[in-house]
Amino acid sequence: MTVSFSISPACIDETSTVGAVRVGDVMIEGDPNDVVSYNASRSDHNHYYSDLYYHIEIDDLQPGRKYSYQCLLLQKEEPSIQQYLRQDREVLNERIISRSNISTFHTPPAPGQWPQDRSIKFAVMGDLATKPHSRETIWHLDRDKSIDCILLAGDISYANNHHHIWDEWMDMMSAHDFFSSTPVQIALGNHDLDTVHRSGPIEAIDGSLEIGLAYESRFRMPQIQPPVRELASLNLFRRNGQPNDFLPYEFGNAYYSFTFGPSKHIVLSSYTSFREGSLQYEWLLSELQSVDRSATPWLIVMLHCPLYTTFQTHHKELFTTEAQAILEPLFVEYTVNFVVAGHIHAYMRTHPMAFSRRDPRGPVHIIQGNGGRQANDLYYSDAAEEWVDVRDHSMYGYGVLDLFNNTHAMWKWVKTGFNAEGEGGIHDQRFDADLNLHDEIWITNQLYVEEMGVNENVELDLER
Ligand SMILES: [Fe+2]
């Protein structure tokens with residue numbers, strides 16, 4: 001588990017202060033060499049200096065346990081105190097310069113284990129931003145106290161190089177308890193790249209751009225290796241700043257995996273090459289080959305750009321068409337259960353499918369890009385494709401993936417708001433009048449459909 005927090009540069013003197021996390025009675029000091037900050041000044045008149053970010057990894061936690069923790073700013077001690085020191089409370093109190101509120105988190109069950117008396121719930125969100133509907137969505141999410149982990153499928157803040165919007169997003173999230181108590185796993189969206197053509201902030205001498213600066217600095221996902229971010233040529237971006245080809249960004253927060261009890265999660269970067277022979281492809285292949293489905297019967301992939309879409313926008317984008325050509329055969333071969341994405345500002349859930357046809361052994365594809373930025377993408381055609389089960393382009397919301405046992409999960413779309421007139425509403429015909437549109441369905445684990453059959457009316461059965 002990694003606890004991330006920021007400290008204002010005004011509060012910290014790197015020669016005499018250090019960030020720390022106290023978990024129970026164990027105190028872990030941050031590594032002074034791993035304090036992250038960045039400068040994204042755009043001109044003489046537009047300076048941006050980020051806060052200082054600590055990402056402190058807490059090891060030796062027991063699975064399936066609740067821990068209390070507190071973030072601290074401490075007076076540095078010489079010689080430097082070692083990590084994991086159990087400090088005398090009085091000595092520690094003398095060192096504390098400032099402290100956060102006490103929060104709690106739960107560790108996931110050990111790989112392959114289930115909680116004793118409940119299911120495991122993931123919230124799935126995408127394209128969140130800091131709009132009124134974004135705030136409405138997370139307000140609803142905060143009321144659901146049963147979420148174990150949040151999967152955020154990219155386009156997180158829509159900062160687009162205006163880094164104060166990242167601060168606004170962090171403030172928006174921090175106003176809710178879940179943000180300090182529930183792990184958040186992120187995927188890289190195009191609006192998380194923070195690059196612009198003109199008056200670009202971090203334009204190198206040759207005109208190329210640094211990418212993913214805030215995305216790498218502010219978050220710390222489980223790393224395969226530290227990030228490798230080379231300068232990206234301007235030719236890799238369209239006039240509107242959107243990428244038109246894969247970008248030189250490997251490892252770090254770009255792509256990674258984690259295990260959460262009975263589920264294995266693979267997070268991919270849509271904007272890093274996944275062509276055969278690429279680093280990401282070879283890593284993905286080795287991950288898929290090494291998954292032990294007897295321990296983790298659920299296999300969930302998250303990436304920003306969907307493989308399938310019933311909507312107009314981004315329909316023929318390289319990152320979607322190549323994903324369908326290159327990644328789908330792997331997802332089908334290795335029986336991925338769910339492929340969750342954002343990017344498109346709407347909602348879609350497919351039937352289990354493979355290669356543009358319904359297939360009970362194939363993944364269910366979800367687009368959950370209606371977190372708050374917009375929810376008004378037009379349909380590609382009036383009649384939904386045969387592999388689409390539910391689609392909507394008028395409601396905001398998030399999804400809940402509820403893993404019930406090895407064989408069954410429930411997927412639920414939680415609606416949090418709808419487009420009003422003037423924001424893609426009734427008058428431009430993107431508004432579905434059926435506000436009662438509902439999506440809550442049992443999914444049979446595709447590993448077992450041949451022996452169990454597809455049964456959409458499953459009796460609740462907690463036997464595992
Ligand atoms: Fe996007």
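These legends go with several close-up views of a predicted model.

**View 1. The whole protein, before we zoom in.**
Let's start with the parts list: the protein has eight helices and 25 strands. Of its 464 residues, 41% are buried. Now take the contacts between residues with a separation of 6 or more: 74% of them link residues that sit 24 or more positions apart. In other words, plenty of what you see touching here comes from well-separated parts of the sequence.

**View 2. An open sheet of six strands.**
Follow the strands across and you get the order β11-β10-β9-β23-β24-β25, with mixed pairing. At the edges stand β11 (184–186) and β25 (440–444); each has a single partner strand, so one side of each is left without a neighbour in the sheet. On average, neighbouring strands of this sheet are turned by 25° against each other, ignoring direction. A quick reminder if sheets are new to you: their strands pair through backbone hydrogen bonds, and the pairing can be parallel or antiparallel. At the β25 edge, the partner is β24 (residues 408–418), and the two run antiparallel, joined by five bridges. To find your place there, look for H408, which stands opposite T444 in β25.

**View 3. I186, a residue in an edge strand.**
I186 lies in strand β11. Is I186 buried or exposed? It has 21 C-beta neighbours inside 10 Å, and 20 are enough, so I186 counts as buried. Setting aside residues up to four places away in sequence, I186 touches L152, I156, F219, M221 and N253. L151 is 35 residues from I186 along the chain, yet their C-alpha atoms are separated by 6.2 Å.

**View 4. The largest nonpolar core.**
This core has 85 residues. Which residues have the most contacts inside it? They are V124, L151, L152, A153, V301, M302 and V340. Pick L151 and ignore its neighbours within four places in sequence: it is in contact with F122, A123, V124, Q185, M302 and V340. There is also a second, separate core of 17 residues, with V21, I28, L73 and L74 among its members.

**View 5. Helix α7, with a bend.**
Helix α7 covers residues 318–333, which makes 16 residues. At 1.5 Å a residue they should span 22 Å, and the end C-alpha atoms are 22 Å apart, so the two agree. Even so, look at L327: α7 bends there by about 45°, and the proline P329 follows within four residues. Which residues of α7 are buried? They are F319, T320, A323, L327, E328 and F331, so L327 turns up both at the bend and in this list. The buried residues of α7 pack against two strands, β16 (298–302) and β17 (338–341). After α7 comes T335, with a positive phi near 50°.

**View 6. An open sheet of three strands.**
Here the order is β1-β5-β4, and the pairing is antiparallel. The edge strands are β1 (2–7) and β4 (35–36), and each pairs on one side only. Between β1 and β5 (residues 52–57), which run antiparallel, there are six bridges. One pair to look for is I7 and its bridge partner in β5, L52.

Note on methods: Residues are numbered from 1 along each chain as its sequence is written. This is a predicted model: local features need pLDDT of at least 70, side-chain atom pairs count only at pLDDT 80 or more; totals for chains, interfaces and linings use all residues. Two strands pair if DSSP finds at least two bridges between them. Axes are lines fitted to C-alpha atoms, for helices over the stretch in contact, and angles run from 0 to 180 degrees between N-to-C directions. A residue is buried if 20 or more other C-beta atoms lie within 10 Å of its own, exposed if 12 or fewer, and partly exposed in between; C-beta atoms are placed from the backbone. Two residues are in contact if their C-beta atoms, placed from the backbone, lie within 7 Å. A nonpolar core is a set of buried Ala, Val, Leu, Ile, Met, Phe, Trp, Tyr and Cys residues joined through C-beta atoms within 7 Å. The expected span of a helix is 1.5 Å times one less than its number of residues. The bend at a residue is the angle between axes fitted to the seven residues ending there and the seven starting there.
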